[in-house]
Amino acid sequence: MNKTVVVNEFGGSDKLQIMDMPVGDPAAGQVRIAHKACGLNFIDVYQRTGLYPLSLPQALGMEGAGVIEAVGEGVTHLKVGDRAAYASMPPGSYCERRVMPAAQVCLLPDGISFEQGAAMMLQGMTVQYLFHRTTPLHAGDTVLFHAAAGGVGLIACQWAKSEGITLIGTAGTDDKCQLAVDYGATHCINYNTEHFEEKVKELTGDKGVDVVMDSVGASTFEGSLNSLKPLGMMITFGNASGPVPPFNLAQLGAKGSLKITRPTLFTHIGNHDHCQEIARHLFSKVTSGEVKIVIGQKFALDDVKKAHDALEGRATTGSTILTV
């Protein structure tokens with residue numbers, strides 16, 4: 001049996017179905033991978049609910065780690081028996097094994113476990129492009145990072161510290177704020193007990209931050225813009241609280257000639273060479289000890305509904321994985 005999690009219609013976690021799906025041999029440019037673990041991310045929720053529409057039926061999941069079982073013609077960077085990990089399109093990683101394009105599958109160093117690999121690829125490569133490929137950031141700069149105790153956030157806290165960047169985080173409980181600080185955040189604001197915009201101004205002497213990195217969306221957008229210094233950059237890379245509604249671009253001028261961008265990881269890793277370069281940078285951060293991958297929750301593949309409910313209910317810290 002090749003257990004595969006599929007959605008046949010958009011909706012809640014009850015729409016997730018475990019099916020036995022066939023898996024064949026890889027064609028040119030493809031590999032077949034036997035998963036050891038799969039990653040869970042908010043993009044999976046967006047796809048399940050239809051916020052990011054997919055053609056149905058569709059297997060879910062954007063990242064995984066395992067062993068290469070077969071290699072198609074033209075694939076030269078991987079061979080049978082290699083340990084590998086990936087975050088890439090198309091969805092379909094919630095399964096025991098799959099055939100998929102090889103370009104974004106990366107050789108996993110021996111010093112990184114399969115569970116770490118499954119937990120780190122999408123979130124870690126996201127942090128890499130946020131800090132190195134979106135806008136210039138230098139030691140001494142200040143970043144506001146929302147959801148700092150989540151999977152992306154805890155990697156970002158450590159990454160910022162390793163680069164000499166001041167990171168002001170936000171999170172929803174004092175325990176989560178302490179976790180972010182423990183992993184490298186300079187400060188962390190409990191947005192349920194403090195007004196984050198006011199606290200940012202206090203912490204920066206009313207100057208504001210150089211960059212905001214915001215995966216929360218609607219509920220933090222206005223405050224994020226108000227937290228930037230003139231000429232600052234707003235990076236909105238997710239919609240955990242819902243999509244940002246339309247807004248007047250003239251606000252950016254009035255608030256200090258601000259810049260805004262809505263990047264996606266899949267644009268940054270669409271080129272094979274760029275993807276492999278980003279992954280190698282991530283792997284080096286982890287193997288050097290500068291970044292530790294925090295797996296806060298593990299669920300069996302059969303418990304995928306519980307995993308989605310925990311993620312949506314903001315009951316998770318660090319990364320969440322499905323074990324196969």
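The exercises below work through three parts of a predicted model, each with a worked solution.

**Exercise 1.** Determine where glycine 164 is found, and which residues it touches beyond those up to four places away in sequence.

*Solution.* Begin with the chain, where glycine 164 is found in the loop between helix H3 (151–162) and strand E10 (166–171). Next, consider its surroundings: leaving out residues up to four places away in sequence, glycine 164 touches Ala139 and Gly140. Finally, take the relative accessible area of glycine 164, which is 40%; because buried means under 20% and exposed means over 50%, glycine 164 counts as partly exposed.

**Exercise 2.** Decide whether glutamine 297 is buried or exposed, and find what its side chain reaches.

*Solution.* Glutamine 297 lies in strand E15, which spans residues 295–300. Its relative accessible area is 14%, so glutamine 297 is buried, the cut-off being under 20%. The side chain of glutamine 297 reaches the backbone nitrogen of threonine 317 at 3.0 Å, and threonine 317 is also among the contacts of glutamine 297 outside four places in sequence, which include Thr316 and Gly318.

**Exercise 3.** Work out which strands pair with E12, and why E12 is largely enclosed by the rest of the structure.

*Solution.* On one side of the question, strand E9 (residues 142–145) pairs with E12 in the parallel sense over three bridges, with valine 143 having valine 211 as its bridge partner in E12. Strand E13 (residues 228–236) also runs parallel to E12, joined to it by five bridges, and here valine 209 stands opposite leucine 228. Helix H6 (residues 221–226) completes a right-handed β-α-β unit with E12 and E13. As for enclosure, six of the six residues of E12 (residues 209–214) are buried, and therefore the strand is largely enclosed by the rest of the structure.

Conventions
Residues are numbered from 1 along each chain as its sequence is written. This is a predicted model: local features need pLDDT of at least 70, side-chain atom pairs count only at pLDDT 80 or more; totals for chains, interfaces and linings use all residues. Side-chain values use heavy atoms; hydrogens and water are left out. Helices (H or I, at least four residues) and strands (E, at least two) are DSSP runs, numbered from the N terminus. Buried means under 20% relative accessible area, exposed over 50%, partly exposed in between (1.4 Å probe, protein chains only). Contact means heavy atoms within 4.5 Å. A polar contact is a pair of N or O atoms within 3.5 Å; within protein, one must be able to donate a hydrogen and the other to accept it, and residues adjacent in sequence count only if both atoms are side-chain atoms. Two strands pair if DSSP finds at least two bridges between them. A crossover is right-handed if, with the strands pointing away from the viewer, the path from the first strand over the helix to the second runs clockwise.
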